[in-house]
Amino acid sequence: MNFHILTLFPEMVMGGLNTSITGRAMEKGLISVEAINIRDYSHDKHRHVDDAPYGGGAGMVMQPGPVCEAYEDLCGRLGKKPRVIYMTPQGKVFNQKIAQELAEEEDLVFLCGHYEGIDERALELICTDYLSIGDYVLTGGELPAMVMIDCISRLVPGVLNNEVSAEVESFHDNLLEYPQYTRPEIFRDMAVPPVLLTGHHKNIEEWRRKQSIKRTLERRPDLLEGAVLSKKERKYLEELLAEDSETDRQEMKE
Ligand code: ADE
């Protein structure tokens, strides 16, 4: 998987992604990350890449020429035209399913805007996808690109040490992950749930599934609609819901 980031701040993205698991994946050659400095394609001697918006208004807009030329240069080198994802709060909100779909690509381009954004004509010419990381506005697309690259990288075979964890973690089956514990067995009077010390794999698996269901109900009930539950698990969920409405009734009385 090769990530190409079109940005005005190459050191920001490289500094972040060179670290930890993505950094190791780069060393191992499982992924590659290159930051292409849009400023290198500036048309003037002061290396400007932005100008005032036509029609007036605050801020500056990134000019179309340097953005398109940076992309075209990359396409020439690669001998193909990879997907270009524009980081924008106006895009579809990124999620695990989109990450899985993008992880199938060989090359991906992340276009990071700054200031008031990028001239619409450049976006029309080169962008294939518009993605956001959430309903809030950041100063630029670099952090969203790093978020997405981190998330997609961990789905590339070999990037995580244990292959199963990419699947089992939060959002697999639309359920949140169960709580985890490690040594010591007792910490500040708090004991590890006894079932985890039994070595009884079937009981542990059942306990973990129940914890996942309980946690998803408490923290992200919106996910449960898409969860695949066995008959027994559905019954457990119904019990939890019944307990909740009983608590609500008690609270109403008080
Ligand atoms: N650029 C600025 N804010 C953003 C967001 N929330 N997601 C993606 N790109 C952005």
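Two strands are taken to pair if DSSP finds at least two bridges between them, and that criterion underlies the first stops of this tour through a predicted model.

**The central strand**

Begin by selecting strand β6, residues 107-111, together with strand β1, residues 2-7: five bridges join β1 to β6, and the two run parallel. To find one point of register, pick asparagine 2, whose bridge partner in β6 is aspartate 107. Then add strand β5, residues 83-93, which also runs parallel to β6 and is joined to it by four bridges. Along this second seam, valine 84 stands opposite valine 109 of β6, while tyrosine 86 stands opposite leucine 111 of β6.

With the neighbours displayed, turn to the side chains of β6 itself. In a regular strand the side chains alternate between the two faces of the sheet. Colour Asp107, Val109 and Leu111 for one side and Leu108 and Phe110 for the other; residues on both faces are buried, so that both faces of β6 are covered. Because five of the five residues of β6 are buried, the strand is largely enclosed by the rest of the structure.

**The whole sheet**

Now widen the selection to the open sheet of five strands, which has the order β2-β1-β6-β5-β7 and parallel pairing. The edge strands to mark are β2 (32-37) and β7 (129-132), each of which pairs on one side only. Viewed across the sheet, the twist averages 35° from one strand to the next. Next bring in helix α1, which packs on the sheet and touches β1 and β2, its direction making about 165° with that of β2.

**Threonine 88**

Stay with the sheet and select threonine 88, which is found in strand β5. Is threonine 88 buried or exposed? Its relative accessibility is 10%, and threonine 88 therefore counts as buried. Leaving aside residues up to four places away in sequence, threonine 88 touches Tyr130, Leu131 and Ser132.

**Helix α1 against helix α6**

Select helix α1 (residues 10-17) with helix α6 (residues 142-153), whose axes come within 10 Å of each other and cross at roughly 30°. Since angles under 35 degrees count as roughly parallel, α1 and α6 are therefore roughly parallel to each other. The crossing in which α1 passes α6 is right-handed. Show the side chains at the contact, where Met12, Val13, Gly16 and Leu17 of α1 meet Glu142, Leu143, Met146 and Ile149 of α6. By character, the residues of this contact of α1 with α6 divide into six nonpolar, one polar and one charged.

**Backbone details to inspect**

Move next to serine 20, which lies in helix α2 (residues 20-27). Serine 20 has a positive phi of about 60° although it is not a glycine, and at 56% relative accessibility it counts as exposed.

A further positive phi, of about 65°, belongs to asparagine 174, which is likewise not a glycine. Look for asparagine 174 in the loop between α7 and β8; its relative accessibility is 26%, so asparagine 174 counts as partly exposed.

For the last stop, select proline 184, in the loop between α7 (165-168) and β8 (186-187). What kind of peptide bond joins arginine 183 and proline 184? The bond is a cis peptide bond, with omega at about 5°.

Technical notes. Residues numbered from 1 in each chain as written. Predicted model: local features only at pLDDT ≥ 70, side-chain atom pairs only at ≥ 80, totals over all residues. Heavy atoms only, no water. Buried < 20%, exposed > 50% of the residue type's maximum accessible area, 1.4 Å probe, protein only. Axes fitted to C-alpha atoms, helices over the stretch in contact; angles between N-to-C directions. Parallel < 35°, antiparallel > 145°, perpendicular 65-115°, else oblique. Left-handed = near helix turned anticlockwise from the far one by under 90°. Contact = heavy atoms within 4.5 Å. Nonpolar A, V, L, I, M, F, W, Y, C, P; charged D, E, K, R; others polar.
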